[in-house]
Amino acid sequence: MNERLNIVDHNQLFRQDKYVRQREEKRAFEAPCSPEEVTATLEYTKTKEYKDKNFARTAVVVNPAKACQPLGAVMAALGFEKTLPFIHGSQGCTAYFRSHLARHFKEPVPAVSTSMTEDAAVFGGMRNLIDGIENCIALYQPEMIAVCTTCMAEVIGDDLSAFLANARQEGALPEDMPVPFANTPSFSGSHITGYDAMLRSVLETLYNKSGRTPQPGHELKLNVLLGFDGYTGNFAEMRRILGMFGATYTILGDHSSNFDSGATGEYSYYYGGTPLKDVPEAADAAGTLAIQQYSLRKTLGYMKRTWGQQVSSISTPLGIRATDCLLEEISRLSGKEIPEALKQERARIVDAMMDSHAYLHGKRVAMAGDPDMLIGLIGFCLELGMEPVHIVCSNGDRKFEKEAELLLKSSPYGAEATVHSGQDLWHMRSLLFQDPVDLAIGSSHLKFAAKEAKIPLLRVGFPIFDRHHLHRYPIIGYQGALNLLTQFVNTVLDVMEEQAPDHSFDLVR
């Protein structure tokens, strides 16, 4: 009989004596400040004086709630069938993008790199790019290669257009292979900017290659864009809603299959994605519906300007009113009535919200994330009678601020809210200590400030590294609202259970 293996998790492993001694010896070697000094400094960082200094800083960013442009470009590329993301930059940067996405989706992320090092930084990376393209075509046999850049390539001024032309001239890149490319320096913008730049380039490249002339309205179908979306479940929910309408549609940039593949025993580099042939045909659609605005600005501008298409965009449809707006837009663009079954779903979620209202009403919340997600979360919290207080958007701008402030003013529950655009999660930490709240909403990066402030974190957005499978559940639409409501109210009830004295440890809540 085999002996049972005793697998110790790291919570227990690093409490063993040898690791405790190792830490103590390392601490002695580093000659750190005394525990008293550390405690005093930590307490000082929770004061009003420190908060004022924190908000006065301009030369440094600490833990921003955003990632860099190429990460978004990789996600956009993986939204199309048999497309290989190709990153012109260092191997380390590429590993960061891949691991960031893999840790959120728990899936491998195919992407290649030109592996630029010191010599390429001095002499340019053209040779790396041409050789890399030739190798990846031979090894991975993509039907499209989507090229983006990192800081190194941008700082030295590598010209992607010229490099790709040289690659075709040398025969490393076939003449008929589409290669959209986007300049995505990490020192500006964010992951949503990179997503937008690559998606626009993909649509433009495939459309120009087709040689078609747009005939908007010729096809009685919709184009649907979900934008930079960390929830594969949202794609399934959108398809379900559109199917209930009986609408004909094309999702442009459907990365859900690549980030939610099954375990069949065989690995493929490519799982689904929008068919390349569908992109030129999308120019003839009756209209385009986007459920993100801020991550699709260039793309929607291109579709409107070049395809002459009717374009409608809303922020992430979380909750009742935002989903009502989504369904009304689908109905308007498709010419079809809102199905009775969806009206029944609406009634059920309204009933569920009333069931949970007593536990959520008046709860003060802090939130951080991307602009479209935050607009959706603000609206949903106001519907629940929750009170948004601190809203931090590291990649927000003045347009986002105005939209968020207008939405907050529409409800008495938004009266205490302050929108902090361009700030980071170290700013949020000061806010949590100086003006405490009941709940925090955001990505896994917010967990450290939330733990210090002793408030529970509702994990919503991207990335979510420390919980599993949340991305598989939709958060958009009425069903998504029910999923969020369940998460919110049960977190509040968990806290009540932990804090309840014996006489209030009730069986029914």
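Which residues does the UniProt feature "domain: Nitrogenase/oxidoreductase component" cover? Good morning. In the unreviewed entry, UniProt places that feature at residues 68–492. Positions from UniProt are in the numbering used here, feature names are shortened, and annotations may be inferred rather than shown by experiment.

Before continuing, I should state the basis of the model. It is a predicted model, in which local features need pLDDT of at least 70 and side-chain atom pairs count only at pLDDT 80 or more, while totals for chains, interfaces and linings use all residues. Residues are numbered from 1 along each chain as its sequence is written, and side-chain values use heavy atoms, with hydrogens and water left out.

Over residues 68–492 the chain is 48% helix and 14% strand, with end C-alpha atoms 33 Å apart. Helices here are DSSP runs of H or I with at least four residues, strands are runs of E with at least two, and both are numbered from the N terminus.

Within this domain, I turn to helix α5 (residues 69–77) and helix α11 (residues 191–210), which pack at about 40 degrees with axes 6 Å apart. The axes are lines fitted to C-alpha atoms, for helices over the stretch in contact, and angles run from 0 to 180 degrees between N-to-C directions. The two helices, α5 and α11, are therefore oblique to each other; angles under 35 degrees count as roughly parallel, over 145 as roughly antiparallel, 65 to 115 as roughly perpendicular, and the rest as oblique. Among the residues in this contact (heavy atoms within 4.5 Å) are Leu71 and Met75 of α5 and Tyr195 and Met198 of α11.

A second annotation in the unreviewed UniProt entry, "domain: Nitrogenase molybdenum-iron protein beta chain N-terminal", covers residues 6–54. That span is 71% helix and 0% strand, and its end C-alpha atoms lie 46 Å apart.

Helix α2 (residues 17–30) has 14 residues and reaches 20 Å from its first C-alpha to its last, close to the 20 Å expected at 1.5 Å a residue. The expected span is 1.5 Å times one less than the number of residues. Alanine 31, whose phi is positive, near 50 degrees, follows α2.

How, finally, are α4 and α19 oriented to each other, at what angle do they pack? Helix α4 (residues 48–56) and helix α19 (residues 425–434) pack at about 155 degrees, with axes 10 Å apart. They are therefore roughly antiparallel to each other. In this contact, residues of α4 including Tyr50 and Phe55 meet residues of α19 including Trp426 and Leu431.
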